[in-house]
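I opened the notebook today to look up a few side-chain pairs and helix packings. Here is what I wrote down, entry by entry.

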Amino acid sequence: MASVPVKRRLAAIMATDVVGYARLMESDEEATLALIKALQADVIAPNIERNGGRIFKLIGDGTLSVFDSATGAVECAMAIQGELVRSEPGARMVLRIGINLADVLVDGTDMFGDGVNVASRVEAGAVPGGISITDGVYHQIAARIGGEFVEGGEKRLKNIERPVRVWHWQPPHTGTMKAEPSRIAGSAASLDREKVLVRVGVASSALPHQQEVMGLITSGLEQFLSERHWIDVASASAAEMGSRSHDYTVSIGIHGAGPFRLNVRFLRTSATSILWSRAFDLPADCDIDAIESVAAGIVSLVVDKVLSAASTTIARKSEASWSAYEYFLYGRMLDAKHLLPDAERFFQKATELDPTLIDAHAMYALALTYSFSMEGVIERLRRAEDISRIGLQLDNNHAFSHYAAASVQLVMRNYDGAESHYVKARDLAPGDIEIRADHAEMLHYVGDLETAATEIEECFRKAKYPPVWFWAVRGIIRFQQGRADDAVEDFENIPKKSWRSLILLAAAHALRGDEVRRRHNEVEARSLQPRLSPELVQRTFPYRNEGALAKLLGAFGAVA
């Protein structure tokens, strides 16, 4: 039988994806699968058919469908999201939807090409419960419903060479939109009662022109918090207020002094005392990037305070009585203070007490990898690889497990494997700038300095309060770019320097021709690591290019 020839056609491609799918599966696989099947059969498929489209691919929790017109695709997406908003909270699942208009390849009933990939990438950038469309789609629907979309600017999408301008839409609703349902049932009782619970609520009524911004802020907060799998997220109206040991509320209000000044308070749900309070300003013409930046800054403060407050509570108890989650939480607090070596034993204990605690396996693998980078002991790296595999076996759709596996594979110089895991981690947690920063460091190790520099600058732009190690990543990239003065400035921003930071600083001074400072930093590095040698540096800095390594070895006074 003759094969059907591959054709091209102009089509609108719509991609859908369930927010928080991995966590839902972790909680209850059978119930999650049943809900997804019901969602596809009762909501997605009928709306696609009514608007002249057809599904051409099912991908686990997601769908890809094709429409003859952009208007049909957008109206279908808006109908789906509107129907989900109106559904009963207990049965609600949250979708992201992306739409692209492009020339695609048609092979039988399937569709291929960059046009399909762009739709999927754009979908990943939509807010939970929202829709993102490309510029071509927007211009097709602008005259009729374009006013309901907010411009999001040009975006760099993974594996897509050209930048893509996007537009965003979110359904009108009252209150906050959940970034993911509360563990299938949507009630506080169905959450893991031991976990940290963070509730997000709006403290004051917003004016009509402020409501959309408030909705995007709260949705962004819930999305970024839910990407921390060790935190449960719920609406502020959930039952059993303050009944758990680690129960906190983020309260957002609009300041009267300006259209987009947010007053954000963070407090224990069961107490009146405020743990911190900050004002955040947004420009009057704020776009989605500005909104995401503010949301990321708020989440950074929330996570730091949660870890500090929770670890203080845990430390009051006898360590022998700690649960696996409490060991993990205390380890995360130490890691946040840049004491990852001290945190290692806590992550190890957490995995021993609860072999199913995925986040503990990921952090244990990262701690072991860091230990190898400091000591060069190969057994530590082999153990890290074993632990990272366990995390992936527990859940192959867990962002931090892929992040840990990527770090291990990079140090093992399996560059393709590391890149694959980084891409998966970023797809699963697009708002996690720490994953992006670590990916930037990997790109520098394989020699892609231009992309690495762009990535780390974007991380700094989005991180209102960047972790200390961001300076080290940017410094090492700038050093390899030959920007020695800038690299020195970055390394000097690290308050407590390890031998690795000091040897990088020595190499930067060598590049500047400052022998006195080079020698001083080398001596200081040797005082912290008596076994320091060019061989240890070569073993623990996984450069693909020998020239890049030779430049670093200039720290020892032997510039290649």
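**Entry 1: a cut-off before I start.** I call a residue buried under 20% relative accessible area, exposed over 50%, and partly exposed in between. Arg121, at 22% relative accessibility, therefore goes into my notes as partly exposed. I also remind myself that this is a predicted model.

**Entry 2: the whole chain.** I looked at the overall make-up next. The protein chain has 21 helices and 13 strands. I find that buried residues make up 56% of its 560 residues. I then turned to contacts with a separation of 6 or more, and 65% of them are accounted for by residues 24 or more positions apart.

**Entry 3: salt bridges.** How many salt bridges does the structure hold? I get 25. I picked some of them to follow up.

My notes on Asp110 and Lys57 come first. These two form a salt bridge, with the closest N and O atoms 3.6 Å apart. Asp110 sits in strand β5 (residues 110-112) and Lys57 in strand β2 (residues 53-59), so this pair ties together parts that are 53 residues apart in sequence. Asp110 is buried, at a relative accessible area of 16%, while Lys57 is partly exposed at 26%.

I went back to Arg121 after that. Which residue does Arg121 pair with in a salt bridge? The partner is Asp427, and the closest N and O atoms are 3.2 Å apart. Arg121 belongs to helix α4 (residues 114-124) and Asp427 to helix α13 (residues 415-428), so the bridge ties together parts 306 residues apart in sequence. Asp427 counts as partly exposed, with 35% relative accessibility.

Arg436 and Glu455 are next on my list. Their side chains meet in a salt bridge, 2.7 Å from N to O. Since Arg436 lies in helix α14 (residues 433-445) and Glu455 in helix α15 (residues 449-462), the pair ties together parts that are 19 residues apart in sequence. Are these two buried or exposed? Arg436 counts as buried at 12% relative accessibility, and Glu455 is buried too, at 9%.

I also noted a network. Glu515, Arg518, Arg519, Glu522 and Arg526 are joined into one by salt bridges that share partners.

**Entry 4: α16 against α17.** I describe two packed helices by the angle between their axes and the distance between the axes. For helix α16 (residues 469-480) and helix α17 (residues 484-492), I have an angle of about 165° and axes 8 Å apart. An angle over 145 degrees counts as roughly antiparallel, so α16 is roughly antiparallel to α17. Their crossing is left-handed.

Which residues make this contact? From α16 I list Trp471, Ala472, Arg474, Gly475, Ile476, Arg478 and Phe479. From α17 I list Asp486, Ala487, Asp490 and Phe491. By type, the residues of the contact are six nonpolar, one polar and four charged.

**Entry 5: α8 against α10.** Helix α8 (residues 324-336) packs with α10 at an angle of about 40°, and the axes are 10 Å apart. I wrote the crossing down as left-handed. On the α8 side I see Phe328, Arg332 and Asp335, and these meet Asp359, Ala360 and Met363 in α10. The contact divides into three nonpolar and three charged residues, with no polar ones.

**Entry 6: Leu357.** Where is Leu357 found? I placed Leu357 in the loop between α9 (340-353) and α10 (358-375). Leu357 counts as buried, with 13% relative accessibility. Not counting residues up to four places away in sequence, Leu357 touches Ala324, Tyr325, Phe328 and Ala350. Phe328 also turned up in Entry 5, on the α8 side of the contact with α10. I checked Trp230 as well: Leu357 and Trp230 are 127 residues apart in sequence, and their C-alpha atoms are 9.3 Å apart in space.

**Entry 7: Glu344.** My last lookup was Glu344, in helix α9. Is Glu344 buried or exposed? Glu344 is buried, with a relative accessible area of 12%. Leaving aside neighbours within four places in sequence, I find Glu344 in contact with Tyr364, Ala367, Leu368, Ser371 and Arg380.

Methods
Residues are numbered from 1 along each chain as its sequence is written. This is a predicted model: local features need pLDDT of at least 70, side-chain atom pairs count only at pLDDT 80 or more; totals for chains, interfaces and linings use all residues. Side-chain values use heavy atoms; hydrogens and water are left out. A salt bridge is a side-chain nitrogen of Lys or Arg within 4 Å of a carboxyl oxygen of Asp or Glu. Helices (H or I, at least four residues) and strands (E, at least two) are DSSP runs, numbered from the N terminus. Buried means under 20% relative accessible area, exposed over 50%, partly exposed in between (1.4 Å probe, protein chains only). Axes are lines fitted to C-alpha atoms, for helices over the stretch in contact, and angles run from 0 to 180 degrees between N-to-C directions. Angles under 35 degrees count as roughly parallel, over 145 as roughly antiparallel, 65 to 115 as roughly perpendicular and the rest as oblique. A crossing is left-handed if the near helix is turned anticlockwise from the far one by less than a right angle, and right-handed if clockwise. Contact means heavy atoms within 4.5 Å. Ala, Val, Leu, Ile, Met, Phe, Trp, Tyr, Cys and Pro count as nonpolar, Asp, Glu, Lys and Arg as charged, and the others, Gly among them, as polar.
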